[in-house]
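Me: I have a fold open in front of me and would like to talk it through before I go back to the bench. Could you take me around it?

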Amino acid sequence: MTAIFFFHIEAKPLVETKLPMDIGGAVIACWINSYDIIQAEKIARREIENDDWRILEIKFAYELKEDEMPDDYPGREFFEQAKTEGFVINFHTYPVKGLG
């Protein structure tokens, strides 16, 4: 049986990237449908790295349990999408000079 795992990741664009030069980094939210958290992390890493990003840190990761999720959980649509599509990765980019 599979579960949905959530990852909060910080990353920087690779030096030789196709991304716009003014992107300094990203905070990435991932919802991964997998059998275990180890496999889920491999999927998240593969997809992020394939998009020209270098992972700096996985801030936290945990299994999301639908029966414990509040009705107003802000990532519910991504949770549902990951159940059917396998994964959802949402990049929140920030400029080279930082968040300010």
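**Talking through the model**

Reply: Let us start at one residue: Asp52 is buried, with a relative accessible area of 17%. Please keep in mind throughout that this is a predicted model.

Me: Buried counts as what, and where does Asp52 sit in the chain?

Reply: Asp52 counts as buried because its 17% falls under the 20% cut-off for relative accessible area. Asp52 is found in the loop between helix α1, residues 37-50, and strand β3, residues 53-64.

Me: What is notable about the phi of Asp52?

Reply: The phi of Asp52 is near 70°, which is a positive value in a residue other than glycine. A positive phi is also taken by Gly86, at about 100°, just after helix α2.

Me: OK, zooming out, in what order do the strands of the sheet run?

Reply: The open sheet is formed by four strands in the order β3-β1-β2-β4, with antiparallel pairing. The edges are held by β3 and by β4, residues 87-95, each of which pairs on one side only. From one strand to the next, the twist averages 15°.

Me: And how many bridges are there between β1 and β3?

Reply: Strand β1, residues 3-13, pairs with β3 in the antiparallel sense over 10 bridges, and within this part of the sheet His8 stands opposite Phe60 in β3. Strands β1 and β2 pair over nine bridges, again antiparallel, with Asn33 in β2 as the bridge partner of Ile4. Strands β2 and β4 also pair in the antiparallel sense over nine bridges, and there Phe87 in β4 is the bridge partner of Ile32.

Me: Is β2 mostly covered or mostly open?

Reply: Strand β2 is mostly covered, since 11 of its 12 residues are buried.

Me: Changing topic, which residues touch the most other members in the largest nonpolar core?

Reply: That core has 17 residues, and those touching the most other members are Phe7, Ile9, Ile28, Cys30, Ile32, Ile48 and Trp53. Strands β1, β2 and β3 and helix α1 are the elements that give two or more residues to this core. Apart from it lies another core, of 11 residues, among them Trp31, Phe78, Ala82 and Val88. As a general point, nonpolar side chains tend to be buried together in soluble globular proteins.

Me: Staying with Ile48 for a moment, what does it touch?

Reply: Leaving out residues up to four places away in sequence, Ile48 touches Ile9, Ile28, Cys30, Trp53, Ile55, Ile89 and Phe91.

Me: Now α2, which of its residues are buried?

Reply: Phe78, Phe79 and Ala82 are buried in α2. Seen down the axis of α2, the buried residues fall within an arc of 105°, so they line one face of the helix. These buried residues pack against β1, β2, β3 and β4.

Me: Which exposed residues are carried on the face turned away from that buried side?

Reply: The face of α2 turned away from its buried side carries Glu77, Thr84 and Glu85, which are exposed.

Me: One more topic, how many aromatic pairs does the count come to?

Reply: The count comes to six aromatic pairs. Phe6 and Phe60 form one that is tilted, with 6.2 Å centre to centre and 35° between the planes. Phe6 lies in strand β1 and Phe60 in strand β3, so this pair ties together parts that are 54 residues apart in sequence.

Me: How covered are those two, Phe6 and Phe60?

Reply: Phe6 is buried, with a relative accessible area of 8%, whereas Phe60 is partly exposed, with a relative accessible area of 38%. Both belong to one aromatic cluster, formed by Phe6, Trp31, Phe60, Tyr62 and Phe78.

Me: Last one, what does Leu64 touch?

Reply: Leu64 is found in strand β3 and counts as buried at 10% relative accessibility. Not counting residues up to four places away in sequence, Leu64 touches Ile4, Phe6, Trp31, Met69, Tyr73 and Phe79. The C-alpha atoms of Leu64 and Gln81 are separated by 13 Å, with the two residues 17 apart along the chain.

Terms used. Residues are numbered from 1 along each chain as its sequence is written. This is a predicted model: local features need pLDDT of at least 70, side-chain atom pairs count only at pLDDT 80 or more; totals for chains, interfaces and linings use all residues. Side-chain values use heavy atoms; hydrogens and water are left out. Buried means under 20% relative accessible area, exposed over 50%, partly exposed in between (1.4 Å probe, protein chains only). Two strands pair if DSSP finds at least two bridges between them. Axes are lines fitted to C-alpha atoms, for helices over the stretch in contact, and angles run from 0 to 180 degrees between N-to-C directions. A nonpolar core is a set of buried Ala, Val, Leu, Ile, Met, Phe, Trp, Tyr and Cys residues joined through side-chain atoms within 4.5 Å. Contact means heavy atoms within 4.5 Å. The arc is that of the directions from the helix axis to the C-beta atoms. Rings of Phe, Tyr and Trp (its six-membered ring) pair if their centres lie within 6.5 Å; planes under 30 degrees apart count as stacked, over 60 as edge-to-face and the rest as tilted.
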